[in-house]
Amino acid sequence: MQANVRFMQGNEAIVEGALYAGLHFYAGYPITPSTEITEILSEILPRNGGTFIQMEDEIASMCAIIGASLTGFKVMTATSGPGFSLMQEAIGYAVMTEVPSVVVNVQRGGPGTGLPTSVAQGDVMQARWGTHGDHSIIALTASNVQDAFLMTVEAFNLAETFRTLVILLFDELVAHMREKVVIPQPGEIEVVERLRTSVPQGTNYHPYLVREDGRLPMSDFGGVHRYNVTGLVHDMWGFPSTDGKVAYDLIHHLVDKLEHRADAIAHYKEYFTEDAEVLLISYGSSARSALDMVEDRRKRGVKVGLLELQSLWPFPGETVRKKCEGRSHVLVVEMNMGQICQEVKKVVSKPENVFLANRFDGVFISPADILRLLNMIQGKGV
Amino acid sequence: MAAKDYLRQRFFPQIWCPGCGHGIVMANMIRAIERLRLKKDEIVVVSGIGCSSRMPGYLDFHTLHTLHGRALAFATGVKMARPELTVIAPMGDGDALAIGGNHLIHASRRNIDLTAIIMNNSIYGMTGGQYSPMTPFGKRTTTAPSGTIEHSFDLVELARGAGASFVARTTTYHAKEMIKIIAKAIKHKGFAVVEVMSQCPTYYGRKNKLGSAVDMMKRYKEGTAPIGSKKKAEHPDLIERGVFVEQRRPEYSKSYLELIDRYVTS
């Protein structure tokens, strides 16, 4: 069969990935630099029988997709920094109620209105801790348009597998860049469908009774099982509870279901890492400059390598720790003030050997920016 | 079916204070649903946060207890995903008109087929009696100890102005009228807003020396009059009850399905 090869923008690839994964319901609100996702879906979804709605704000968009997901459909919304901030309460609600859903945050400069059209990766910690309370979360990212497609499919798969909200933490550069993308044929990549309960009509269904394998089969709103969903601490019926044991078990379940599988959820790529003395760790668009610098140094015989993280949360600590073992230095490359660098320092045996190459001024970090720091830590001067 | 067949008695007793009006609203909503012969599986009840928003948990429908102010945003998602379902949103006045005011006007503007039952007790009950956008000027609350200097919304005029195609007002005293109005609102194809004046003797009543729940309900009897009635003509200060707006206008989820049809046939 002829491969479906196309030249497209990152935001288009996100749409294609979502549709490949079975997106049926999208609610959004315009915001730079994610608006194209909303525009494209307003055209495509009604054509294929899906639902598109432009809501009155990002809060409403996030709430609408949770409501729609409960009726049994795959759902998504997309936004950027300020909109992502507005969504935080509802993101916590999706985590607490365990409603599969996907949120795209195409990061831009912040805080506040910041730099709407500039590249940044400053929302890494907000993705992790933006909503209040103890919880765990999945956040994926990508450094090129093809991977933006693949990670979007993966986001939907993880959302269904773990019955949770998944964040796609892209950045402006990947979202607006155009590259070649090969769209896989249907069936070529696994698509995880919703796990529905086998409890028959007339028998009690417990929406929050965790199965032995840690999963919770769902029942669609409008179906034969009528149950309650609440953002309050709830028992297996989904009914509010103030019992300490119920709260303890629920919070543990929400955290453990992801944190205990952090390294299984982990997605990453490696370049020249086998014999690397200096290991670069990067993600998103900044991994492109990191790779360029690594390839350039390799030509000169310098033993550097790159670990590109494609999943940021839950942080793949064990993977990162192992990959950093035996290196003389670790250099984290990111476009913020060290949000992932701090996580790397937490897991490695020699945090004093971890350095940060970064920019946070809206200018894309260049290979030269990274090289300057590499030279400095190798004692070669600036 | 008996009213109890619509309840999840496992979760009783409910949390409302003695004398609270919300139980009356819940009972009358059930009676309206029974009158319409709707199947329990076809009904989704979506609420936000507050005293009245605890209602869905006690009801044997598909029930969704969401975030403060966001009931209509969640309900919009449910309705647009499954337009064949009947979606009802019981809300409080603070929930619907302060934090949720934006969603209320936009649901009205879209004319999406949801039924918003707004229990107006003129106060935030769950947090202990602060003034709401429905607290009348001069009334006392825990955040307006010498009387509020803010003016309240006229919910009927607000909903009408925003484009709701069904707007009504009733009170907990007028039980039979309430059943009729709620049934009409649910049956209506479009966004329906029903304001139900519902007493809060614990906070609003106590702060403003309005007496017992029964005293407060008597005030609803004496202080209101049917729309266009002789009583209203004789006493212009009375609050009007009844159906203010009942229009046929394009409904949003239906318009969306028509949009899909246009694409499919073109």
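I began with B:Ile117 and, leaving aside its neighbours within four places in sequence, listed its contacts (C-beta atoms, placed from the backbone, within 7 Å). These are B:Val25, B:Met29, B:Ile88, B:Ala89, B:Pro90, B:Met91, B:Ile182, B:Val194 and B:Val196.

I noted that the model is predicted: local features need pLDDT of at least 70 and side-chain atom pairs pLDDT 80 or more, while totals for chains, interfaces and linings use all residues. Residues are numbered from 1 along each chain as its sequence is written, with chains lettered from A and ligands numbered from 1 in the order in which they are written.

I next looked up nonpolar cores, sets of buried Ala, Val, Leu, Ile, Met, Phe, Trp, Tyr and Cys residues joined through C-beta atoms within 7 Å; buried requires 20 or more other C-beta atoms within 10 Å of the residue's own, again placed from the backbone. The largest has 185 residues, and B:Ile117 and A:Leu168 are among those with the most contacts inside it. Helix H6 of chain A (145-162; helices are DSSP runs of H or I, at least four residues, numbered from the N terminus) gives the most to this core, eleven residues.

I then traced an open sheet of seven strands (DSSP runs of E, at least two residues) in chain A, with order S3-S2-S4-S5-S7-S6-S13 and mixed pairing (at least two DSSP bridges between two strands). S3 (51-54) and S13 (311-313) of chain A are edge strands, each with a single partner, so one side of each lacks a neighbour in the sheet. I found S6 (138-140) of chain A antiparallel to S13(A) over two bridges, and A:Ala139 has A:Trp313 as its bridge partner in S13(A).

Note on methods. Buried ≥ 20, exposed ≤ 12 C-beta atoms within 10 Å, placed from the backbone. Contact = placed C-beta atoms within 7 Å.
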